[in-house]
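This report walks through sheets, helices and nonpolar cores. Keep the model in view while reading.

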Amino acid sequence: MDIRSQIAMVFHLDKCIGCHTCSIACKNIWTDRKGAEYMWWNNVETKPGTGYPSKWEDQDIYKGGWEKKGDTVTLKGAGKFKGLKVLFHNSNMPVIDDYYEPWTYQYEHLFEAEEGDDQPVARPVSLITGDPITPKSGPNWDDDLSGSEDYAKNDVNFKNLTKAEQEAMFQLERMTMHYLPRMCNHCLNPACVAACPSGAIYKRGEDGIVLINQKKCRGWRMCVTACPYKKSYYNWSTGKSEKCLLCYPRVESGQAPACMHSCVGRIRYIGVMLYDADKIEAASASSNDDLIKNQLDIYLDPNDPEVIAAARKNGIADSTLESAQKSPIYKFVRKWGLALPLHPEFRTLPNLFYVPPLLPTMAFVNEEGSYETTSESFWGAIEKSRLPMSYLASLFSAGNEEVIKNILKKLMAVRLHRRAETVGDLPEEESKGAMKDVVMDKDTADAIFRLTSLPLFDQRFVIPPAHREEAMEMLESTADVKGNTGFGFKEPPVRGL
Amino acid sequence: MSNYFFFIGLPYATIVIVLVGTIFRYMNFGFKISSLSSQFLEGKELFYGSRPFHWGLLSLFLGHLIAFLFPKSLMVWNSVPLRMLILEVVALGFGITALYGLGMLVMRRFKHKRLQKVTTKMDVLVYVVLLTQVISGLWVAYFARWGSAWFPTVLTPYLRSLFVLDPDITAVAAMPLSVKIHIVSAFALIGLIPFTRFMHFLVYPFPYLFRSYQYVIWNWDRKKIRISRKLVNGVRSKNN
């Protein structure tokens, strides 16, 4: 057992309102630079939809992630031989038009325009060439267009749906959507790290954050291909790749990453997970049916004395263990089993988990021709959800519908329980029955409710201290600079030649 | 006189510039070393330029290297005329491939405005030198036949004499102009390495083949943390 700690995240999709505040917070801090304008380390997509870059989930196009090969996994579109073979022209790499051409507006023109018959306007100009352009796509171009022919119909997750199910999703009264905020998953088996020919990308041992060393990056662009989530971006101006760094300067000083801190819907949770690094290969190579179970089994119980002892032996600080015990991620993912990784079939073992959304039930047009959504039960049955179970299964569980159904039932049980508690207009057998169905007791249901609806800031973000007093040693040994002269002078005071 | 400059002065100046320049740049401007790929801005036409150009040029470089390192084996191979003909035709093929690729790359640069935005003056110089190099090489291959036959007896001794610091330029001085241009532009190309995107072929990712796929860095090792009282080297950060 090789226990390591990892910063992990949970996004509660039922609470996401699709406001893009996370994306803007990230953009303002990190990617408002030349060459990085098109990058959205954090973005929010509408599902069903094609996303950003367009159709990123389709690995037949982009060849990202890992493939199972016997007892192990191999990179699908990169790797030692596959990658070096295509070094001169990377066949499966998305180009800027797959994202969008970034633009700005000529605001100065509003002030500096010559006097004329027409109102001056601020024309859109490309941020690459400076020429006037007509924007034809953008990072959230298909925002809320869940019924559109151009976007929603091309959603890659429809591949496994029957014709009838697909039809149903595009009838006006049955239309539905939910948001999917995405960012780097800081995977346990990162494909970008494995694909980097320069060895510039690495995973930090202490907290598992995946970073690109800008000095070592040579712009071979293999990470862009290899990341199945397309969360590694090539900066066309500097010729280097960049990606989400989980705001590590903030995390190290105990603050939540900017996207999480600014989240309006408070959908985001961050915390520490303990995992067994010895199980990574086996978990990523498990068969499709066991994939989701094995991926989640890698995370260990931070209250188990055996785990604590092994973690201490591995040099994990007591403060980190304490944070792991309070981790909201552990509760959502392991204790309550409510959150799932996005596309586990890419086999990178992502550390960002989603609580799937409980969507509205099917509506119909009644005999009088009016729109009808009422159902026999208080909340519509899960089976009658507008979004087919197989669609959610394609997103979150590699096609395993049982797992999704179980989670949705649990979420519904919590709702029924709270309705019975606070309003009391439900027959007791309905709420009790729902709880019994998913084997959940009252305390658990209340705990889920509290962490979902009324969590305090410190309950959503449980970040272990980085031990600044010791972290000094990360940069240099204090003994070396003790007795050196002056400020900002780090050479040992040795007599010159 | 100019022969002394071009075939003794230039090569040695090149070696000094490359050694000092690349090391200095690598140590001080690590961030500026990149393949500077423009595929992200234009991906389709690059395929028809980059692939033939790189593979063509790599094969030709390898051919020249073999002629330099194993001149005797080359002469033995060439002792049968048919084998020499095959070798020459294959080499010419690679030359034409490289020229075709280079032409596509140059055209692509000028055609797309996006690419002009990432093209520097040094990139233009790179294209000029490369075009000179490839065109003069093809010229030599066609008009100064058969290169593979005379290279081992004329150029290999010259290059070797440079390496043993006893330059002998009598044979080179008697070469036709096209060969001289080819040699001079080769030295210019090497001398430009520290100042241009040519840096990227010095950082070709060979080490990738020998490392494990996953790469984890501990900034500091809690188990081996060093005691400040002891002034011995402990485990230092691998990242800074």
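How many bridges join strand S1 (residues 3–12) of chain A to strand S15 (residues 352–355) of chain A, and do they run parallel or antiparallel? Four bridges join S1(A) to S15(A), and the two strands run parallel. The model is predicted. One of the pairs is A:His12 with A:Val355, its bridge partner in S15(A).

Both strands belong to an open sheet of five strands in chain A. The order is S13-S12-S1-S15-S14, with mixed pairing. Strand S13 (299–300) and strand S14 (340–341) of chain A stand at the edges. Each has a single partner strand, so one side of each is left without a neighbour in the sheet.

Two helices of chain A lie across this sheet's strands. The table lists them.

| Helix | Strands crossed | Angle |
|---|---|---|
| H13(A), residues 305–313 | S1(A), S12(A), S13(A) | about 120° to S1(A) |
| H14(A), residues 318–326 | S1(A), S12(A) | about 120° to S12(A) |

Next comes helix H15 (residues 328–335) of chain A. Six of its eight residues are buried, so H15(A) is largely enclosed by the rest of the structure. The buried residues are A:Pro328, A:Ile329, A:Tyr330, A:Lys331, A:Phe332 and A:Val333. Just after H15(A), A:Gly337 takes a positive phi of about 60°.

Which residues have the most contacts inside the largest nonpolar core? They are A:Val10, A:Cys192, A:Ala195, A:Ala226, A:Ile329, A:Phe332 and A:Phe353. This core has 127 residues. Helix H17 (residues 401–422) of chain A gives the most to it, with nine residues. A second, separate core has 18 residues, including B:Phe7, B:Leu99, B:Val134 and B:Ile183.

A:Val10 ties several of these elements together by contact. Leaving aside residues up to four places away in sequence, A:Val10 touches A:Pro328, A:Ile329, A:Phe332 and A:Val333, which are among the buried residues of H15(A). A:Val10 also touches A:Tyr269, A:Ala339, A:Phe353 and A:Val355. A:Val355 is the bridge partner of A:His12.

A further sheet involves both chains. Three strands form an open sheet in the order S9(A)-S8(A)-S1(B), with mixed pairing. The edge strands are S9 (210–212) of chain A and S1 (216–217) of chain B, each pairing on one side only. Strand S8 (residues 201–204) of chain A pairs with S1(B) in the parallel sense, over two bridges. Here B:Val216 is the bridge partner of A:Lys203.

Notes. Residues numbered from 1 in each chain as written. Chains lettered and ligands numbered in written order. Predicted model: local features only at pLDDT ≥ 70, side-chain atom pairs only at ≥ 80, totals over all residues. Pairing = 2+ DSSP bridges. Buried ≥ 20, exposed ≤ 12 C-beta atoms within 10 Å, placed from the backbone. Core = buried A, V, L, I, M, F, W, Y, C linked by C-beta atoms within 7 Å. Contact = placed C-beta atoms within 7 Å. Axes fitted to C-alpha atoms, helices over the stretch in contact; angles between N-to-C directions.
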